[in-house]
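Thanks, everyone, for making the time this morning. I would like to walk through one structure with you, starting with its charged side chains and then moving on to other parts.

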Amino acid sequence: MVPLLPTWVLINHCALSFPMAFLTAYVLFFATLFTSIVAYRLSSFHPLAKYPGPIMCKISQLWTVLVYSRGKGHHYRKMLHDQYGPIVRIGPNELSVTEKDMLPYILGSQGMPKGPLFEGRRMTSVSQKDTEHFNLIATRDLQRHAVLRKAWSRAFADAPLRDYEELMLARARQLIHTLKTICEKQGGVGGVDVASWIDYFTFDFMGDMAFGGGFELMRDGDSERLLSNMAMSLYYACLCQAVPWFSPVLRKLPYVGEPIRAFGSFAFKLAKIRYDQEPDKKDLFYHMIAAYRADSQESPFTLILSNSLLAIVAGADTTATVLKNTIFYLLTNPAYYARLREEVDAAFPPTETSALDTRILPSLPFLNAVINEVLRLQPPVSTTLQRAPARGTKGKLVGTHYIKEGTHIQVPPYVLHRDPRYFYPRPDEFWPDRWILGTSDSAEFVLDRSAFIPFSMGPANCAGKSLAMLELRAVVSMFIMHFDMEFGDNFDPRVWMESLKDFFVLECGKLMVKLRVRKRKGFEL
Ligand code: HEM
């Protein structure tokens, strides 16, 4: 409407025809609007004016979209912090922080609710008002988050964990058995893309855990293209997270939105099946519904539907990434691989014929050091832990920094974990021994566990952390026990590193490995 006034002026005073006047008025209007916005964002009046950062970031979020579309957002963020320091302006209204003393005020119990990024990531077309349809991770309202979180937390208490452990070990045995069969068929040495098999395994297990079964990727392959639909959905979610208003538009686009819709209808189908029939074994939703009923009158179907995608994405992809990277780092460092094998073999001596005893695993120092080191160097959620002052509060004091409502903060674990102030020496290198040397902050050695946040921290930290650690320890140990591994012919570690893409969850490429079944007594599957 506003440009109609200059249109009238141009027609009457400059003798322009209506179409020319109309066009000129619109061009002038938007040029003035954009110039004013850019001028304001770069001016000293902007609430984030005092923070350093690249000019492109200060001008528009579209710059961030461009950077993240290439998958190297984690490298870019590290470069920004190396250049500008621990607090960087990474968007017109956004800061990135690696100052660990500020973490409790951002992520911790004195912290803030989730930021707008979580709206951009939503894969289903749920309106802003239908808050009961948001899953846990996408819920920005603190009270609503607390209700949902209680259900998730109860579903990960000790007793439910034992139920999931049984399911996880059954699937892990299936994975090892399948890989052994491949080795036999290939004359003793199986050349396989371990990355795909790990994806199949984590997906099958999440299916068992969340829906009482349903996926058989290890057995049947991925004919429904679940993994590629999930990967594309994550990619689009990653692009939209910086521009949440674009998310509903993108979902509706005919070709581009197809994988998101396919993945959404797949989750709907599973949720429906799960709602209609109780599984034989107690699964995630069995425990969640029981906990939820005590606090809410809402239909369990809504709970299942809204959280089903979250269970798969949060549980399968993250754990798979760490498993793949653990195998990668071990094969790149044969001395560490040999040391880990020694430790695992000693813990489960050849006379032992029983299956893996998971109770022993948390006490194996090198196993845990290796896993921590992988989580440190390649945290699956690398850069985008975002929080913002609660709506209507005007702002929040974060340490000594006042953050106004309408601006937000991200914490990038990838950068924090490589900060020499917290991990020193060799902050960028795979050096598991730092976890064995222990906590210290002398000039020669620093290991600051309070800056180690692969599972985030505070009230919205990873709900599945205990399960993830159980799974990581067990599956890594089983690979070590049952196989001799080396990289496949022509495998180039640089290509692997290049394949790691920060699409909000770290994505990986192919991991070609030669597997040889170990000739060793014991270790029954
Ligand atoms: C190594 C594996 C895993 C890593 C590194 C990891 C990491 C994380 C991180 C960093 C967050 C916070 C995300 C944010 O605030 O943006 C998170 C949240 C979450 N994770 Fe995990 N996760 C892993 C495995 C799992 C598993 C196995 C589950 C089980 C299904 C799970 C369930 C969740 C849930 C439900 C949330 C949302 C918590 C909330 O908003 O309160 N995660 N995870």
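Let me begin with a network of salt bridges that links Arg171, Asp204, Asp208 and Glu216, and let me say straight away that what you are looking at is a predicted model. Across the structure there are 26 salt bridges, and I will take a few of them in turn.

In one of them the side chains of Asp199 and Lys324 meet, at 2.9 Å from N to O. Asp199 belongs to helix α10, residues 194–211, and Lys324 to helix α16, so this pair ties together parts that lie 125 residues apart in sequence. Are these two residues buried or exposed? Both Asp199 and Lys324 are buried.

A second pair is Asp484 with Arg341, where the closest N and O atoms are 2.5 Å apart. Because Asp484 sits in strand β11, residues 483–487, and Arg341 in helix α17, this salt bridge ties together parts that are 143 residues apart in sequence. Asp484 counts as partly exposed, at 25% relative accessibility, and Arg341 is partly exposed as well, with a relative accessible area of 22%.

The third pair is Arg494 and Asp492, whose side chains meet at 3.0 Å, N to O. Here Arg494 is exposed, with a relative accessible area of 64%, whereas Asp492 is partly exposed at 24%.

Set against these pairs is Glu343, which lies in helix α17, residues 334–347. Glu343 is buried and yet has no salt bridge, the nearest side chain of opposite charge being Arg339, 7.0 Å away; a salt bridge would need a side-chain nitrogen within 4 Å of a carboxyl oxygen. Leaving aside residues up to four places away in sequence, Glu343 touches Leu364, Pro365, Phe366 and Leu367.

Turning to the nonpolar side, the largest core has 151 residues, and Phe203, Leu284 and Phe479 are those with the most contacts inside it. Helix α16, residues 300–332, gives the most to this core, with 17 residues. Among the residues that Phe203 touches are Phe215, Met230, Phe263 and Ile312.

Which protein atom is the donor to the iron of the ligand? The iron has a single donor from the protein, the SG of Cys462, 2.3 Å away, and Cys462 lies in the loop between β10 (446–447) and α21 (465–482).

Finally, an unreviewed UniProt entry places a transmembrane region at residues 20–40. In the model that stretch is 100% helix and 0% strand, with its end C-alpha atoms 30 Å apart.

Note on methods. Residues are numbered from 1 along each chain as its sequence is written. This is a predicted model: local features need pLDDT of at least 70, side-chain atom pairs count only at pLDDT 80 or more; totals for chains, interfaces and linings use all residues. Side-chain values use heavy atoms; hydrogens and water are left out. UniProt positions are given in the numbering used here, feature names are shortened, and annotations may be inferred rather than shown by experiment. Helices (H or I, at least four residues) and strands (E, at least two) are DSSP runs, numbered from the N terminus. Buried means under 20% relative accessible area, exposed over 50%, partly exposed in between (1.4 Å probe, protein chains only). Lys and Arg count as positive and Asp and Glu as negative; His and the chain ends are not counted. Contact means heavy atoms within 4.5 Å. A nonpolar core is a set of buried Ala, Val, Leu, Ile, Met, Phe, Trp, Tyr and Cys residues joined through side-chain atoms within 4.5 Å. Donors are N, O and S atoms within 2.8 Å of the metal (3.2 Å for Na, K and Ca); water is not among the atoms, so sites may look incomplete.
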